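Welcome! Let's take a walk through this protein together, beginning with one stretch of the chain and ending at a single residue.

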Amino acid sequence: MRRYVIKRLAQAVGVLWAAYTVSFLVLDYLPGDPVTAMASAGMDSGQVAPDRIAALRHEYGFDKPVPVQYAEYLGRAVRGDFGDSVSTGRPVTSTLADALPQTLQLTGAALLFAVVLRGGLAVLATYTARRWLRQLLLSLPPLGVSVPTFWVGLLLVETFSFRLHWFPAFGNDGLRGLVLPALTLAVPTGAQIAQVLAKSLLTALDQAYVETARAKGADRWRVHLRHALRNASLPALTVVGLLVGQLIAGSVVVETVFSRDGLGRVTAAAVTAQDIPLVQGVVVFGALIFVTTNLVIDLVYPLLDPRIVVASGRRAALA
């Protein structure tokens, strides 16, 4: 088990390093100059004194060779210091600390809705004995995957805000303001979870151990939830870990549609301004959330199926 945990931690560190490196290289090769844009501050760039641009370029370290910039930024990032935002002048960590809680609330609520609602849909679809109802329920996840996120958001706002007046349409208005954005994110995410879980459940229900449980007198719910669902949940857990990144990326669109403050809107503004320190901070924080979630899932795997640790140990021994 110790070797299994160390291996997963090493993979998480590798993902963080790769995310930081790729974002640095991409932003460095983008056209434009964030220092010139910041120095002009609404005026024509030709009216800005060259010494002002040179001073800002020196302050942010953009006058150094690219390898030196990378080494210095990476060293500071390891200590949790991403520098100051080029567009606002505020520390990147402070900007992210202000925006991150709202995004975490949104993605957490969306993930909860996706797992509970769509997971329940998969369980119900595979449990019912009525063929027409099963086919109807199993046809809903592909529809959810194909629907654009922004269209779902606009439909929910039109129905539950403008017509029924149940929830606010815009802003960060407590729990009521969280429902519609979270549901908007949960529709495509939950649809993918439901697809994988339903397929895994149908496969598990045909296995020999399920027939053995039925032969011993276990009722349908016990067979479905205790025996089949436990083994079928492993692929669904993998999908949940992968979809965390999709939820964070989707928050950019959802926070824009619902005019919510959060990491998504900060990211959009930072990319538009080519704010390199802020964009790198956003990328690393997003990657950190992603790898942390996947690390937790990897550690939950052995609790559901201890054979995973045994198989991992055998592969390491053979290597």
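A good place to start is residues 234–258, where the chain is 96% helix and 0% strand, with 34 Å between the end C-alpha atoms. Keep in mind that you are looking at a predicted model. Another stretch to find is residues 136–157: this span is 86% helix and 0% strand, and its end C-alpha atoms are 26 Å apart. Both stretches are listed by UniProt, in an unreviewed entry, under "transmembrane region", along with residues 12–30, 104–124, 177–198 and 278–304.

Now step back to the whole protein. Its secondary structure consists of 14 helices and 0 strands, so if you follow the elements from the N terminus you meet α each time. Of its 319 residues, 41% count as buried. The protein exposes about 17,200 Å², and 65% of that comes from carbon and sulfur atoms. Taking contacts between residues at least 6 apart in sequence, 73% join residues at least 24 apart.

Finally, zoom in on T126, which you will find in helix α5, residues 92–127. Is T126 buried or exposed? Its relative accessibility is 3%, and because buried means under 20%, T126 counts as buried. What does T126 touch, once neighbours within four places in sequence are left aside? Its contacts are R134, A198, L201, L202, L205 and H224. The side chain of T126 also has a polar atom 3.1 Å from the backbone oxygen of V123.

Conventions: Residues are numbered from 1 along each chain as its sequence is written. This is a predicted model: local features need pLDDT of at least 70, side-chain atom pairs count only at pLDDT 80 or more; totals for chains, interfaces and linings use all residues. Side-chain values use heavy atoms; hydrogens and water are left out. Helices (H or I, at least four residues) and strands (E, at least two) are DSSP runs, numbered from the N terminus. Buried means under 20% relative accessible area, exposed over 50%, partly exposed in between (1.4 Å probe, protein chains only). A polar contact is a pair of N or O atoms within 3.5 Å; within protein, one must be able to donate a hydrogen and the other to accept it, and residues adjacent in sequence count only if both atoms are side-chain atoms. Contact means heavy atoms within 4.5 Å. Accessible areas come from the Shrake-Rupley method with a 1.4 Å probe; for residues, only the protein chains shown count as cover. UniProt positions are given in the numbering used here, feature names are shortened, and annotations may be inferred rather than shown by experiment.
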